[in-house]
Amino acid sequence: MSKDVFAEVQRLGAMIRELREIRGMSANDLAEATGLSTSVISKFERGQTDIHLSTAIQLLRYMGLTLADIGEANVFDGFAIIDWAEKAYRFVDDQRVLKRIMVRLAQKEHLLRHEQVLETIIMLRLGQPVRADEELFSYFRISKRF
């Protein structure tokens, strides 16, 4: 399996874990519903193993989702932002890394709200002038509730 394909499998596993946690389900709940072992589900969610597509569909179905839901939600787009945010946190004092992240953000045609907030935070860290308006503050008030 190529690195690119396995990277997508890892993203799917991470997404399923995030959805499971949002719904307050345990890996054991999914194991009981699908017949898979908790160990296999856990390894899949951590990107350490692959599962059959039909099994992934079962996992999604148990959580009340379909592949169409996943496609329409553009959920994979969010993973790049999470990766960039984690990298920005790890390299908070390395302006070269932060600037490369800014270039990647600028290359995206449409910025999501998360991207806009991340861009504002990095610009502040780089010492660039930004306008911290009410929308930025409301983002963090809303995020705290989840």
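**Helix faces, cores and salt bridges in a predicted all-helical chain**

Good morning. Glu21 and Arg17 both belong to helix 1, where four residues, about one turn of the helix, separate them. They form a salt bridge whose closest N and O atoms are 3.7 Å apart. Glu21 is partly exposed, with a relative accessible area of 48%, and Arg17 is likewise classed as partly exposed, at 31% relative accessibility. I should state at once that this is a predicted model, and that every value I quote is computed from it.

Let me place that pair in its setting. The chain contains nine helices and zero strands, so to speak a pattern of α-α-α-α-α-α-α-α-α when read along the sequence. Of its 146 residues, 29% count as buried. The accessible surface of the chain comes to about 9800 Å², and carbon and sulfur atoms account for 53% of that area. As for contacts between residues at least 6 apart in sequence, 53% join residues at least 24 apart.

I return to the salt bridges, of which the count comes to five. A second one joins Glu45 and Arg20, with the closest N and O atoms 2.8 Å apart. Glu45 lies in helix 3 and Arg20 in helix 1, so this pair ties together parts that are 25 residues apart in sequence. Are these two residues buried or exposed? Glu45 counts as buried, at 5% relative accessibility, and Arg20 is buried as well, with a relative accessible area of 8%. Another of the salt bridges links Arg96 to Asp94, the closest N and O atoms being 3.7 Å apart. Here Arg96 counts as exposed, at 60% relative accessibility, while Asp94 counts as partly exposed, at 21%.

Glu45 leads us to helix 3. The buried residues of this helix are Ile41, Phe44 and Glu45. Viewed down the axis of helix 3, they fall within an arc of 95 degrees, so they line one face of the helix. After helix 3 comes Gly47, whose phi is positive, near 80 degrees.

Helix 4, residues 53-62, can be described in similar terms. Its residues Thr55, Ala56, Leu59 and Leu60 are buried. Why are these four said to share a side of helix 4? The reason is that they cover an arc of only 140 degrees around the axis, which puts them on the same side. In general, an α-helix has 3.6 residues a turn, so residues three or four places apart point the same way. On the face of helix 4 turned away from the buried side we find the exposed residues Ser54 and Arg61. Gly64 follows helix 4, and its phi is positive, near 80 degrees.

Next, the nonpolar cores. Which members of the largest core touch the most other members? Of its 18 residues, they are Met15, Ile16, Leu19, Phe44, Leu59, Leu60 and Met63. Helix 1 (3-22), helix 2 (27-34), helix 3 (38-45) and helix 4 each supply at least two residues of this core. The largest share, five residues, comes from helix 1. There is also a second, separate core of twelve residues, which includes Ile81, Val97, Leu105 and Leu118. As a general point, nonpolar side chains in soluble globular proteins tend to be buried together.

Phe44 merits a closer look. Leaving aside neighbours within four places in sequence, Phe44 is in contact with Val9, Leu12, Gly13, Ile16, Thr49, Asp50, Ile51 and Leu59.

My last residue is Thr34, found in helix 2. At 15% relative accessibility, Thr34 counts as buried, because the cut-off for that class is under 20%. What does the side chain of Thr34 reach at 2.8 Å? The partner is the backbone oxygen of Leu30. In addition, a polar atom of the Thr34 side chain lies 3.3 Å from the backbone nitrogen of Leu36. Apart from neighbours within four places in sequence, Thr34 is in contact with Ile41, Gln58 and Leu59.

To close, I would recall two residues. Phe44 is among the buried residues of helix 3, and Leu59 is among those of helix 4. The two are in contact with each other, and Leu59 is in contact with Thr34 as well. Thank you; I am glad to take questions.

Methods:
Residues numbered from 1 in each chain as written. Predicted model: local features only at pLDDT ≥ 70, side-chain atom pairs only at ≥ 80, totals over all residues. Heavy atoms only, no water. Buried < 20%, exposed > 50% of the residue type's maximum accessible area, 1.4 Å probe, protein only. Arc of directions from axis to C-beta. Core = buried A, V, L, I, M, F, W, Y, C linked by side-chain atoms within 4.5 Å. Contact = heavy atoms within 4.5 Å. Polar contact = N/O pair within 3.5 Å; in protein donor to acceptor, adjacent residues only side chain to side chain. Areas by Shrake-Rupley, 256 points an atom, 1.4 Å probe, with all protein chains shown as cover. Salt bridge = Lys/Arg side-chain N within 4 Å of Asp/Glu carboxyl O.
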